[in-house]
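Q: Could you walk me through how the labels in this model are earned? I would like to see each value set against its rule.
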Amino acid sequence: MTLWGLLAVSLLLHDATARSTGFVSPGVRSSIVGGEDAPEGRWPWMVYLALTNGYDSWSCGGSVLNEEWVLTAAHCVDPSPLLNLSFARLGTHALTGASKFYRGISRVSSHTNYDVNRNEYDIALVKLDKKVTYSSQVSPVALPAEDDFFNLKSECWVTGWGNVHEGIPLQDPQILQQLQVPLIKDNLCKHAYPEFVPTMLCAGFIEGEKDSCQGDSGGPLVCRSAERFVQVGIVSFGQGCAQNGFPGVYTRVAKYLDFINETIHA
């Protein structure tokens, strides 16, 4: 097994222990309640981030933007992970299986306005220490145009490897989970979350039962636009998992295109 493969096994074991003892990185949520196994290769931009600060370890989702940059949530990298011990897995279907690429992390860039005590500006970029090559297993997600419009009838999906319910981790072989979710009107989201602002969006089910959950925030919410999927959101926060009246809240990607472009082209 490669060095990254050994490190992957080590941190996965650490992460499983951390969850069983109740540790969850502040605010971290995602993966799927009420989802299903995703077909292999269906979401080739999906990234698994294994992060550690030397004392605790946690995992997050992310999405491939290009050969060396991954999009995720700012709270995933707060507290700041140790770059020499944290890594990314790309081209992964089951976490107990192999990934197409294991990459170290050379840089983390969170939005300058992100504040751990607030949920706004929850967006970050992670730079890989070595470029990857595209294939059927690894390819970039499309970003929305600032004026793209998605309505309540849009086909949208959220994906991840985290808990399948509060306190219940995804069981081996830990296959990537997918869940189709509807977008929710902003006024309904504001009613559930008074802190809701236009740089956020809600998706899921008001009645609960299906949702993102604790485990690996930062994963993508994608919606179909013509013949392709576009990443409209980043899993950010919510009240528990799949609770009645509290859908998932996502960072609205279209509001941060300048931040993304300025960072990856700096």
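A: Happy to, starting with rings: those of Phe, Tyr and Trp (its six-membered ring) pair if their centres lie within 6.5 Å. Ring pairs of this kind link Trp43, Trp45, Trp157 and Phe229 into a cluster. Keep in mind that this is a predicted model. By the ring rule, the count comes to 7 aromatic pairs.

Q: What makes Tyr48 and Trp161 an edge-to-face pair?
A: Their centres are 5.7 Å apart, with 85° between the planes. The limit for a pair is 6.5 Å, and planes over 60 degrees apart count as edge-to-face, so both conditions are met. Tyr48 lies in strand β3 (residues 46-52) and Trp161 in the loop between β9 and β10 (177-180), so the pair ties together parts that are 113 residues apart in sequence. Both Tyr48 and Trp161 are buried.

Q: Why is the pair of Tyr193 and Phe246 called edge-to-face?
A: Here the ring centres are 5.7 Å apart and the planes stand at 65°, so the pair is edge-to-face, as the angle has to be over 60 degrees. Tyr193 belongs to the loop between α2 and β12 (200-203), while Phe246 belongs to the loop between β15 (228-237) and β16, so parts 53 residues apart in sequence are tied together.

Q: How do you know whether Tyr193 is buried or exposed?
A: Its relative accessibility is 4%, and buried means under 20%, so Tyr193 counts as buried. Phe246 has 26%, which falls between the 20% and 50% cut-offs, so Phe246 counts as partly exposed.

Q: What makes Asp186 and Arg252 a salt bridge?
A: Their side chains meet at 3.2 Å, N to O. The rule asks for a side-chain nitrogen of Lys or Arg within 4 Å of a carboxyl oxygen of Asp or Glu, so the pair qualifies. This pair links distant parts of the chain: Asp186 sits in helix α2 and Arg252 in strand β16 (residues 248-252), 66 residues apart. Asp186 has a relative accessible area of 37%, so the label is partly exposed.

Q: Why can the contact between the side chains of Asp186 and Arg252 also be called polar?
A: The distance is 3.2 Å, and the cut-off for a polar contact is 3.5 Å, so the pair fits that label too. Asp186 touches Phe196 as well, not counting residues up to four places away in sequence.

Q: How many salt bridges does the structure hold?
A: There are 3 salt bridges. One of them joins the side chains of Glu155 and Arg224 at 2.8 Å. Glu155 is in the loop between β8 (124-128) and β9 (156-160), and Arg224 is in strand β14 (residues 220-225), 69 residues away. Another joins the side chains of Glu120 and Arg118 at 2.7 Å. Glu120 is buried, as 14% is under 20%, whereas Arg118, at 43%, counts as partly exposed.

Q: How do you know that β7 and β8 pair?
A: Two strands pair if DSSP finds at least two bridges between them. Strand β7 (residues 101-110) and β8 have 5 bridges, in the antiparallel sense, so they pass. One bridge places Ser110 opposite its partner Ala124 in β8. Both strands belong to a closed barrel of 6 strands, β3-β4-β5-β8-β7-β6, with antiparallel pairing.

Note on methods. Residues are numbered from 1 along each chain as its sequence is written. This is a predicted model: local features need pLDDT of at least 70, side-chain atom pairs count only at pLDDT 80 or more; totals for chains, interfaces and linings use all residues. Side-chain values use heavy atoms; hydrogens and water are left out. Contact means heavy atoms within 4.5 Å. A polar contact is a pair of N or O atoms within 3.5 Å; within protein, one must be able to donate a hydrogen and the other to accept it, and residues adjacent in sequence count only if both atoms are side-chain atoms. Buried means under 20% relative accessible area, exposed over 50%, partly exposed in between (1.4 Å probe, protein chains only). Helices (H or I, at least four residues) and strands (E, at least two) are DSSP runs, numbered from the N terminus. Rings of Phe, Tyr and Trp (its six-membered ring) pair if their centres lie within 6.5 Å; planes under 30 degrees apart count as stacked, over 60 as edge-to-face and the rest as tilted.
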